[in-house]
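Open the structure in your viewer and keep the selection tool at hand. The stops below say what to select next and what is there.

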Amino acid sequence: MHGAPYWQATPYTIPIGIGAALFVALGAYLFRRRTERRLVPGATLGALLLFASGLWMGTYALELSLTDFSTKVLLNQLGYFGIAPLPLLWFAYVMRHAGVKLESRVAWAALGSVPVAVVALVLTNSWHGLIWTDLWLDADHGYVVLVNEHGVAFAGFIVYAYALILLGCATLGRTLLRSDGIYRKQTLALLGGGLVPTVGGVVYVAGLSPVPGLNIPVLAFSVASGAVAWSVFRHRLFTLVPVAWESAVESMHDAALVLDGDGRVIDVNPAGEQFLSLPLSDAYGRSVVRVLPAEIVDALDGVPQSDAETETTVPTDDGERALLVETTPLGDEANMTGTLVLLRDVTERVERERRLERQNERLDEFASVVSHDLRNPLTVARGYLELAAETGDEEYFERIEDAHDRMENIIEDLLTLAREGETLTDVTPVALRTVAQEAWDGTVVGDAALDVRADQTIAADRGRLRQLFENLFRNAVEHGSTGNQTTSGDAVEHGSEDDDALTVAVGALDGGFYVEDDGPGIPESERADVFERGYTTHENGTGFGLPIVKTIADAHGWSVSLGESDAGGARFEFTGVETDPEPANAEQSTSD
């Protein structure tokens, strides 16, 4: 039996061979799934564990099937490439599964050096006999088996291996007491897959095998392979996320991510892929800091340890979106295995809340105007009406008419503010000269004059643009000269006593236009306040005129700034305006 090898049949070859093929197939399945969903970073360890088991079982199945002594010895040696790292791979995966961290690289290096040393001793055993002191063939049971007389190095390896196995089993037992659901079933599968071969190993080392030389642990692995295979597919062993993920989480409109205890990405549903900065296959096992936008990472505040809700905004291809970031720990407080992160798009809700807030603010303003600003001219009109009824003096009727005009202006301002936030649906090319002239003709301007220096066409809502000019013109006239003031107005009055005629100019800018006057201007200390609603220094002002100007500019997407004209008056500049390169059309009229 030491000559040419030939094949033999044994009752153990087929079950061991099937177990080996099953373990290798499961390992290949896990490696293939690395580019798909639902695979945790620890699955690589799981795949290596299965490959090592399959290699050991496969070489032993071949060893049983051949009778040549030298071939059996060679296969026995090759089997140690699976045997030697198996305890360490199993222990490392159990620690990962249980969430126990062994941070010391020195400790891992020391543990990893043992399998390397064992393989080296196996390959050089003929020089020192530390693994086997003797090897021979036994054919007493109708087939030839290789019998090993083990040496001191093998005994040391057995101590090392069982220390890791028993420590891992104790860790799994502790985890089992604290887990439930799918995680409990996965833990049971791991514990069973570790205990069955362990018992077989004890029988083998103690010399209690019914067939001398027969490797009982390998037979035990062939039995455990079926249970492990069942748990991989039924209980998602080597993965964290239950089967329900496919039917529930993946169909969600909300983005869902699963993180492990170190904040690394374990799984992402289709809705969550849009937030990843890396391809999905590259995102697995990486920290959220590397794969998610900074805004979401800031909202997570590191590795979440408790239930939390935070709102944030992130830029997307569709514009800025508001997100509600919800975190839910997986597992209990003593054994937190990861975190579920839900990203809900709440942009529409936030916009509704903002619109409602703005509407409430306008309602407050309207209530203030109705209760105060409208009451004043109404009281004045009622008082002069009583005097007119008593005396018949026509002067009182003129005062009544002025009070009515004042109320009409206030109501017009309120209606303009009520339209704030409405979408501009009638943006067309309009001539600045024409609209400015129309606005001027519709404003009480006294002796003031308009100078339009712009032959420019812009894209605007004609009606809203006219309102913008009317408010600017009225503001300029009312604070530009006390002699030209009317009883209605929103201007900031600066008390000029100069009755010289005021000039208001409209001119073109690069990407915009300006409106300026040669009045006393607006002090720099007040320029930051004039666009605030309700701010006015005019005794009859509502404080709505310039806020209306800014509202109309914002609705068009323009920017407005306030400065000083060359003559020392107020200068309003509007930029970000879409201009038409074609010359202004013939409808433009000359200024007065």
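## Stop 1: the five-stranded sheet

Select the strands β9, β11, β12, β14 and β13: in that order they form an open sheet of five strands, with mixed pairing. This is a predicted model. β9 (449-452) and β13 are the edge strands, each with a single partner, so one side of each has no neighbour in the sheet. From one strand to the next, the twist averages 15°.

Now narrow the view to β12 (residues 512-517) and β14 (residues 570-575), which run antiparallel and are joined by five bridges. To see how the two strands line up, pick Y514, which stands opposite E573 in β14.

On to β13 (residues 559-564), which is joined to β14 by six bridges, again with the strands running antiparallel. Two cross-strand positions are useful for orientation. S559 stands opposite T575 in β14, and L562 stands opposite F572 in β14. β13 and β14 form a hairpin with five residues between them. In the turn, select G568, whose phi is positive, at about 95°.

## Stop 2: the three-stranded sheet

Select β8, β10 and β15. They make an open sheet of three strands in that order, with antiparallel pairing. Which strands are at the edges? They are β8 (427-431) and β15 (579-580), and each pairs on one side only. β10 (residues 457-461) pairs with β15 in the antiparallel sense over two bridges. Within that pair, I458 stands opposite T579 in β15.

## Stop 3: helix α17, which lies across strands of both sheets

Keep both sheets displayed and add helix α17 (residues 432-441). The helix lies across β9, β11 (503-509) and β12, running at about 170° to β9. α17 also lies across β8 and β10, and here the helix runs at about 80° to β8.

Is α17 mostly covered or mostly open? It is mostly covered, with eight of its 10 residues buried. To check this in the viewer, select L432, R433, T434, V435, A436, Q437, A439 and W440, which are the buried residues of α17. Note that R433 and Q437 are on that list.

## Stop 4: the largest nonpolar core

Select L465, L468, F469, F473, F513, W558 and F574. These are the residues with the most contacts inside the largest nonpolar core, which has 40 residues. Helix α18 (residues 462-480) gives the largest share of this core, seven residues. As a general point, nonpolar side chains in soluble globular proteins tend to be buried together.

Centre on W558 and show its surroundings. Not counting residues up to four places away in sequence, W558 touches I458, A459, A460, L465, L468, F513, A553, F574, T575, G576 and V577. Some of these names have come up before: I458 stands opposite T579 in β15, and T575 is the residue in β14 that S559 stands opposite.

Apart from this core lies another, of 37 residues, among them I83, L88, V118 and I158.

## Stop 5: helices α3 and α5

Select helix α3 (residues 69-83) and helix α5 (residues 105-123). Their axes come within 9 Å and cross at roughly 175°. The two helices are therefore roughly antiparallel to each other. To see the contact, show the side chains of Q77, Y80 and F81 in α3, and of V118, V119, V122 and L123 in α5. By class, this contact has six nonpolar residues, one polar residue and no charged residues. V118 in this contact is also one of the residues of the 37-residue core.

Stay on α5 and pick V114. Its relative accessibility is 25%, so V114 counts as partly exposed. Leaving aside neighbours within four places in sequence, V114 is in contact with F157 and Y160. Next, show A84: the C-alpha atoms of V114 and A84 are separated by 7.9 Å, although the two residues are 30 apart along the chain.

## Last stop: the whole protein

Zoom out to the full model. The protein has 20 helices and 15 strands. Of its 592 residues, 49% are buried. Among contacts between residues at least 6 apart in sequence, 64% join residues at least 24 apart.

Terms used:
Residues are numbered from 1 along each chain as its sequence is written. This is a predicted model: local features need pLDDT of at least 70, side-chain atom pairs count only at pLDDT 80 or more; totals for chains, interfaces and linings use all residues. Side-chain values use heavy atoms; hydrogens and water are left out. Axes are lines fitted to C-alpha atoms, for helices over the stretch in contact, and angles run from 0 to 180 degrees between N-to-C directions. Helices (H or I, at least four residues) and strands (E, at least two) are DSSP runs, numbered from the N terminus. Angles under 35 degrees count as roughly parallel, over 145 as roughly antiparallel, 65 to 115 as roughly perpendicular and the rest as oblique. Contact means heavy atoms within 4.5 Å. Ala, Val, Leu, Ile, Met, Phe, Trp, Tyr, Cys and Pro count as nonpolar, Asp, Glu, Lys and Arg as charged, and the others, Gly among them, as polar. A nonpolar core is a set of buried Ala, Val, Leu, Ile, Met, Phe, Trp, Tyr and Cys residues joined through side-chain atoms within 4.5 Å. Buried means under 20% relative accessible area, exposed over 50%, partly exposed in between (1.4 Å probe, protein chains only). Two strands pair if DSSP finds at least two bridges between them.
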